[in-house]
Amino acid sequence: MVTDPIADFITRIRNAQMANHRIVEIPASNLKKRITEILYDKGYILKYKFEDDNKQGLIKIALKYDPSTKLPVIQSLERVSRPGLRTYSKPNEFKRVKNGLGIAIISTSKGVMTDKEAKSQNVGGEVLCNIY
């Protein structure tokens, strides 16, 4: 049993990139699906596919690498809020990730979104992770 599914999601992606895998499979949940969609929209992953296996379901993510250097596009994935220490932030208090080059994923009352989207909609929430 996994006590922190978001940390498990992040760790699976990080480990797959360190091993230079092209595809990583992750057990699905609605929150993980939304985070995957955000990663795709922002250009951090190549493709994704949601598969139903009559249980929990699977998310297959095709990782993206820089063609010239063969390095992964995602340089850093870090969990901010964790079960032992939740981190919440107001829209005007979001910290910039890598001086504005990265994104923070926020869980708000209006759904899961990036820090820039949450700021434009003037909603705060739990800071799930930072990506750059």
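I began with contacts (heavy atoms within 4.5 Å). In the protein chain, of those between residues at least 6 apart in sequence, 61% join residues at least 24 apart.

I noted the basis. This is a predicted model, where local features need pLDDT of at least 70 and side-chain atom pairs count only at pLDDT 80 or more, while totals for chains, interfaces and linings use all residues. Residues are numbered from 1 along each chain as its sequence is written, and side-chain values use heavy atoms, with hydrogens and water left out.

I listed the elements next, as DSSP runs numbered from the N terminus (helices H or I, at least four residues; strands E, at least two). The protein chain has three helices and eight strands, in the order α-β-α-β-β-β-β-β-β-α-β.

I then looked at the largest nonpolar core (buried Ala, Val, Leu, Ile, Met, Phe, Trp, Tyr and Cys joined through side-chain atoms within 4.5 Å). This core has 25 residues, and Phe9, Ile35 and Ile105 are among those with the most contacts inside it. Helix α1 gives the largest share, five residues. A second, separate core of eight residues includes Phe94 and Val127.

I checked Ile105 beyond four places in sequence: its contacts include Ile35, Met113 and Cys129.

Is Asn130 in strand β8 buried or exposed? I took buried as under 20% relative accessible area, exposed as over 50% and partly exposed as in between (1.4 Å probe, protein chains only). Asn130 has 15% relative accessibility, so it counts as buried. Outside four places in sequence, Asn130 touches seven residues I could list, including Ser76, Val97 and Ile103.

Last, I noted that buried residues make up 39% of the 132 in the protein chain.
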